[in-house]
Number of protein chains: 2
Amino acid sequence: MTPRLNIVPFVSVDHMMKLVLAVGIDRFLIDLAAYIEEDFRRWELFDKTPRIASHSIDGVIELMPTSDGQLYGFKYVNGHPKNTRDGRQTVTAFGVMADVGNGYPMLLSEMTILTALRTAATSAVAAKYLAPNATDCMAIIGNGAQSEFQAIAFKALLGIDRLRLYDIDRSASLKCAKNLAGFDFDIAICASAQEAVEGAHIITTVTADKRSATILTDNMVGSGVHINAVGGDCPGKTELHRDILLRSDIFVEYPPQSRIEGEVQQLEPDHPVTELWQVMTGKAAGRRDASQITLFDSVGFAIEDFSALRYVRDQLQRTGLYEELDLLADPDEPRDLFGMLLRADKAAQITAVSS
Amino acid sequence: MTPRLNIVPFVSVDHMMKLVLAVGIDRFLIDLAAYIEEDFRRWELFDKTPRIASHSIDGVIELMPTSDGQLYGFKYVNGHPKNTRDGRQTVTAFGVMADVGNGYPMLLSEMTILTALRTAATSAVAAKYLAPNATDCMAIIGNGAQSEFQAIAFKALLGIDRLRLYDIDRSASLKCAKNLAGFDFDIAICASAQEAVEGAHIITTVTADKRSATILTDNMVGSGVHINAVGGDCPGKTELHRDILLRSDIFVEYPPQSRIEGEVQQLEPDHPVTELWQVMTGKAAGRRDASQITLFDSVGFAIEDFSALRYVRDQLQRTGLYEELDLLADPDEPRDLFGMLLRADKAAQITAVSS
């Protein structure tokens, strides 16, 4: 039998949740981190372009494509801060992986949940190379949708088991602590960002406000700390005081995008930054000493989504957690698209007569 | 009850065929042409960008986004000429329409069939403004997947009922003639392109060869003819001899893209071309006299796909010809994506216990 060329596997939100739970969220994050690391190590192979954005008053819709020459992936993602007012997500996403050789899509997947997972996995991979040794305590400032994923990823990959939570909305911290109750953390809910960073070796900032905020001021950041700056991710949206950046060694995903979207948008265009992939391949140094402040200025890059789609695709056959989508027209004879339409008409008439 | 925010309507290949047949292919093309014309008339409103292409040895994968400020649309489309060797389509496509206000996708649709329809509808709309009066005969050179759609569109919109078919592969012409048997055309299958153009007022070239071909030479094109050049649509792929272009008034969709992909890639970058939307709005002249040669150098632009998605979306409620896709994560509380995952786990455990 010939393969059914019209079918594209589809991973719905429901299937994605089932997949994460079947694999186990900590195992999922560890495996996903390995895929991300593998792709960062072959960074130079990829077609890279800053995301293609369509801006409006209320937000942005973006397409993030990339390819390693064998596989092609892209993500559709929006960012609309006002969405929470009517019960919608600020960010939703879906993605497609395709075969470069014939251009046929091989996977359509929800990516709202998957993006949360890949963002956390990327942060943890970066911290593996940048955080100080013997780290067990992390502050998380901003306790919204991304916070628990960060916590689990840092526990799974770095053994972080003490969390210091702070959010301007205390109910968000309570929600985060409640969600993490079964994951064996020692959790302190703090009354200020200042209190949260006390004793933390890693500071994760992951707030959602779309403006230039100062979640961390210079005096709050002691020597030797690793800052995982996740929330500042578009023009005009930053979280750290500029003085912190000037004291830090800054690591980014893809400089042309990070200089537009990341914390480094606050600095001169030629301010030195190190590409994370170069640290992973040994081309550049990561953490050099115990007193250095390292800063991962995360904005999220297309290659991380590519890795995530690649990982999900590799789970399909084993788990069967997907649907079959009739997405691609597949006439018996490739040049006969119109004939396929005519035959569908005849088939419908025959069905009508016989029923 | 609150709307189910996770759901995106999906029009599969099967539903697209049913939709075309339910509406009637000629009525579908007439209505679609009206949507395209409406969007061309408000051309200046749209965000426009040349397609974002990822090239490889075997072909290309492209994303074509655009927005009118209210709606956002993009198409994924590949072009792989070798695909027919293993029974695949050279071109497959799907598309998404989204709400600019909140970034949520509103429609996912197959677009392989829909692209064939919108390409034909656009050609016919252009010909309405450019073809000579009292036209009833069209030559179609290249009788592959697009040919029948062109024929039906020109019959529906311009009353063309005499066709002169030519293809280097006679079986393609026979396939085309057979498919069109029930549509009341007077059809002649010709032995050469030269023979096909005799007596034709409109010449449609729609061959698939990915190279600089010369389907039409200068001596074959008489005065007063309208050329609908559809097949030349990427760098290095053209169909017309350069001398024909120099004798013609050339009309294009979007010059920055057409100068890369269209027949006009053969000319100097500043060779005068007229934008089709300006003809429709009266800003530029279309056909001025009976002896003029007009050339629509069609490459296919994102706004036409936007119109097609908009048309399909407007048919959903009336026809019900769609599925509901669980594409968007929709936690009860927008900041509680992780909690949604946890509750899915509990729900699964409860199901397991009770079954």
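Strands are DSSP runs of at least two residues, numbered from the N terminus. Thr92(A) is found outside such strands, in the loop that runs between β4 (71-79) and β5 (93-99) of chain A. The structure discussed here is a predicted model.

**A buried threonine**

Is Thr92(A) buried or exposed? Its relative accessible area is 0%, and Thr92(A) is therefore classed as buried. The side chain of Thr92(A) makes a polar contact with the side chain of Asn78(A), at 2.7 Å. Leaving aside neighbours within four places in sequence, Thr92(A) is in contact with residues of chain A, namely Tyr76(A), Val77(A), Asn78(A) and Thr112(A). Thr92(A) is also in contact with residues of chain B, namely Gly103(B), Tyr104(B), Pro105(B) and Leu328(B).

**Salt bridges**

How many salt bridges does a search of the whole structure find? Over all chains, the search finds 48 salt bridges. Three of them are set out in the table, with the distance between the closest N and O atoms.

| Acidic residue | Basic residue | N to O distance |
|---|---|---|
| Asp39(A) | Arg42(A) | 2.8 Å |
| Asp305(A) | Arg118(A) | 2.7 Å |
| Asp169(B) | Arg335(A) | 3.1 Å |

In the pair of Asp39(A) and Arg42(A), the two partners fall into separate classes of accessibility. Asp39(A) is buried, with a relative accessible area of 0%, whereas Arg42(A) has 23% and counts as partly exposed.

The salt bridge between Asp305(A) and Arg118(A) has its closest N and O atoms 2.7 Å apart. Asp305(A) lies in helix α10 (residues 302-319) of chain A and Arg118(A) in helix α3 (residues 112-130) of chain A, so this pair ties together parts that are 187 residues apart in sequence. Both Asp305(A) and Arg118(A) are buried.

The side chains of Asp169(B) and Arg335(A) meet in a salt bridge at 3.1 Å, N to O. Asp169(B) lies in the loop between β8 (162-166) and α5 (170-179) of chain B, while Arg335(A) lies in the loop between β17 (323-326) and α11 (337-354) of chain A, so the pair joins two chains. Asp169(B) counts as partly exposed at 30% relative accessibility, and Arg335(A) counts as partly exposed at 29%. Elsewhere, salt bridges that share partners join Glu38(A), Asp39(A), Arg42(A), Asp68(A) and Arg310(A) into one network.

**Parallel strands in chain B**

The strand β8(B) pairs with strand β9 (residues 186-189) of chain B in the parallel sense, over four bridges. Within this pairing, Leu165(B) has Ile189(B) of β9(B) as its bridge partner. From β8(B) the chain crosses through α5(B) to β9(B), and this β-α-β crossover is right-handed. In a regular strand, side chains alternate between the two faces of the sheet.

**Cysteines without disulfides**

A disulfide requires two cysteine sulfur atoms within 2.5 Å. By this rule the count over all chains is zero disulfides. Why is Cys190(A) without such a bond? The closest cysteine sulfur, in Cys137(A), is 8.7 Å from the sulfur of Cys190(A), which is too far for a bond. Cys190(A) is buried, with a relative accessible area of 5%. In chain B, Cys137(B) is likewise in no disulfide, and the nearest cysteine sulfur, that of Cys190(B), is 8.7 Å away. Cys137(B) counts as buried at 1% relative accessibility.

Conventions. Residues numbered from 1 in each chain as written. Chains lettered and ligands numbered in written order. Predicted model: local features only at pLDDT ≥ 70, side-chain atom pairs only at ≥ 80, totals over all residues. Heavy atoms only, no water. Salt bridge = Lys/Arg side-chain N within 4 Å of Asp/Glu carboxyl O. Buried < 20%, exposed > 50% of the residue type's maximum accessible area, 1.4 Å probe, protein only. Polar contact = N/O pair within 3.5 Å; in protein donor to acceptor, adjacent residues only side chain to side chain. Contact = heavy atoms within 4.5 Å. Pairing = 2+ DSSP bridges. Right-handed = clockwise from strand over helix to strand, strands pointing away.
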